Amino acid sequence: MRSFTNLQVRTQDANAVRALAEELRTPGLALYVVPDPPWYGLYDERLEADEDVGGLWAALERASRLGRAAAFAVYEDEALCWGLAEGGRILYRHCEGVEGEPLSDGRLPDDLDAAAVAAAQAGEPKTAAARALAGMLGLFPDHAVVGFGDLLELDEASELPEDVWIFEDDAGPELRLERPVLEDEHAGG
């Protein structure tokens with residue numbers, strides 16, 4: 001099981017998501033956007049490779065300027081970090097199994113059941129926990145667990161969904177299947 005990191009942004013403004021992707025993208029590395037309006041999933045190659053929890057929280061804060069945003073990170077299916085933000089600030093974050101990160105910080109929004117969230121956070125494998133949390137937020141659960149590695153492999157094989165946007169080098173966003181195909185090890189989580 002590989003690690004993955006992604007952001008989810010709830011907004012009606014596709015152009016703002018494009019601008020955010022350009023802002024977050026590291027030159028020379030790809031950032032993929034999977035539209036599933038009103039949510040957009042952003043999979044950043046740098047956050048993925050670096051397993052950068054601090055960078056994830058910073059990106060979550062930036063993304064939340066567009067509307068409610070969520071971040072999910074699972075490292076080798078043993079550690080789970082996820083958080084919610086709105087209006088440019090983190091409302092709640094939870095990190096289990098990551099040294100130096102608080103287990104839980106902040107307050108869940110009133111529209112989420114704290115007991116259900118706690119049960120989901122405790123789920124195993126951690127990919128299943130991320131999927132359950134995404135479902136509570138109204139996200140397509142598979143988008144919470146598909147990492148950039150899956151998209152990159154599909155991209156290299158020219159099998160990417162048609163509506164995935166790719167931000168890479170100076171090529172700008174290319175519009176490329178409906179929902180990403182999951183690898184077997186992700187699909188069962």
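What follows is a walk through the strands, helices and aromatic residues of a predicted model.

The strands make a handy starting point. Strand S1 (4-10) is mostly covered, with six of its seven residues buried. S1 has partners in both S4 and S3. It runs antiparallel to S4, and six bridges join the two; within that pairing, leucine 7 has alanine 71 of S4 as its bridge partner. S1 is also antiparallel to S3, this time with four bridges, and here glutamine 8 of S1 is matched with glycine 41 of S3.

From S4 the pairing carries on to S5. Seven bridges hold these antiparallel strands together, and three residues sit between them in the hairpin, where glutamate 76 takes a positive phi near 50°. S5, like S1, is mostly covered: seven of its eight residues are buried. Next along comes S6, joined to S5 by seven bridges and again antiparallel. Cysteine 81 has its bridge partner in S6, namely cysteine 95. The S5-S6 hairpin has two residues between its strands, and glycine 87 in the turn shows a positive phi of about 65°.

That turn has a neighbour worth a look. Serine 64 belongs to the loop between H3 and S4, and with a relative accessible area of 1% it counts as buried. Setting aside residues within four places in sequence, serine 64 contacts Ala69, Ala85, Glu86, Gly87, Gly88 and Arg89; glycine 87, with its positive phi in the S5-S6 turn, is therefore among the residues that touch this buried serine.

Now for the helices. H3 covers residues 53-63, and its buried residues are Val53, Gly55, Leu56, Trp57, Ala59, Leu60 and Ala63. These pack against quite a list of elements: strands S1, S4, S5 and S6, plus helices H1 (14-24) and H2 (45-50). At the N-terminal end of H3, aspartate 52 acts as a cap, with a side-chain oxygen 3.3 Å from the backbone nitrogen of glycine 54.

H5 (residues 126-136) has its own buried set, made up of Lys126, Thr127, Ala129, Ala130, Leu133 and Ala134. Viewed down the helix axis, the buried residues of H5 fall within an arc of 155°, so they line one face of the helix. What do they pack against? The buried residues of H5 meet S1, S4, S5, S6 and H4. After H5 comes glycine 138, with a positive phi near 85°.

Glutamine 121 shows how H4, H5 and the strands come together at the level of a single residue. It is found in helix H4 (residues 114-121) and is buried, at 7% relative accessible area. Apart from residues up to four places away in sequence, glutamine 121 touches Leu80, Trp82, Tyr92, His94, Glu96, Lys126, Ala129 and Leu133. One of these contacts stands out as polar: the side chains of glutamine 121 and tryptophan 82 come together at 2.9 Å. The two residues are 39 residues apart along the chain, and 9.0 Å separates their C-alpha atoms.

Tryptophan 82 turns up again among the aromatic residues. How many aromatic pairs does the whole structure hold? A search finds three. In one of them, tyrosine 40 and tryptophan 165 have ring centres 5.8 Å apart and planes at 45°, so the pair is tilted. This pair bridges distant parts of the chain, with tyrosine 40 in strand S3 (residues 39-44) and tryptophan 165 in strand S8 (residues 165-167), 125 residues apart. Both of these aromatics are buried. In another pair, the rings of phenylalanine 72 and tryptophan 82 have centres 6.2 Å apart and planes at 10°, so they are stacked. Phenylalanine 72 lies in S4 and tryptophan 82 in S5, 10 residues apart, and the two are also bridge partners. Phenylalanine 72 is buried at 0% relative accessible area, and tryptophan 82 is buried at 1%. Ring pairs also bring in Tyr92, making a cluster of Phe72, Trp82 and Tyr92.

Tryptophan 165 has a charged companion as well. The charged end of arginine 18 sits over the tryptophan 165 ring, 4.1 Å from the ring centre.

Conventions: Residues numbered from 1 in each chain as written. Predicted model: local features only at pLDDT ≥ 70, side-chain atom pairs only at ≥ 80, totals over all residues. Heavy atoms only, no water. Buried < 20%, exposed > 50% of the residue type's maximum accessible area, 1.4 Å probe, protein only. Contact = heavy atoms within 4.5 Å. Polar contact = N/O pair within 3.5 Å; in protein donor to acceptor, adjacent residues only side chain to side chain. Phe/Tyr/Trp six-rings, centres within 6.5 Å; stacked < 30°, edge-to-face > 60°. Lys NZ or Arg CZ within 6 Å of the ring centre and 35° of its normal. Arc of directions from axis to C-beta. Pairing = 2+ DSSP bridges.
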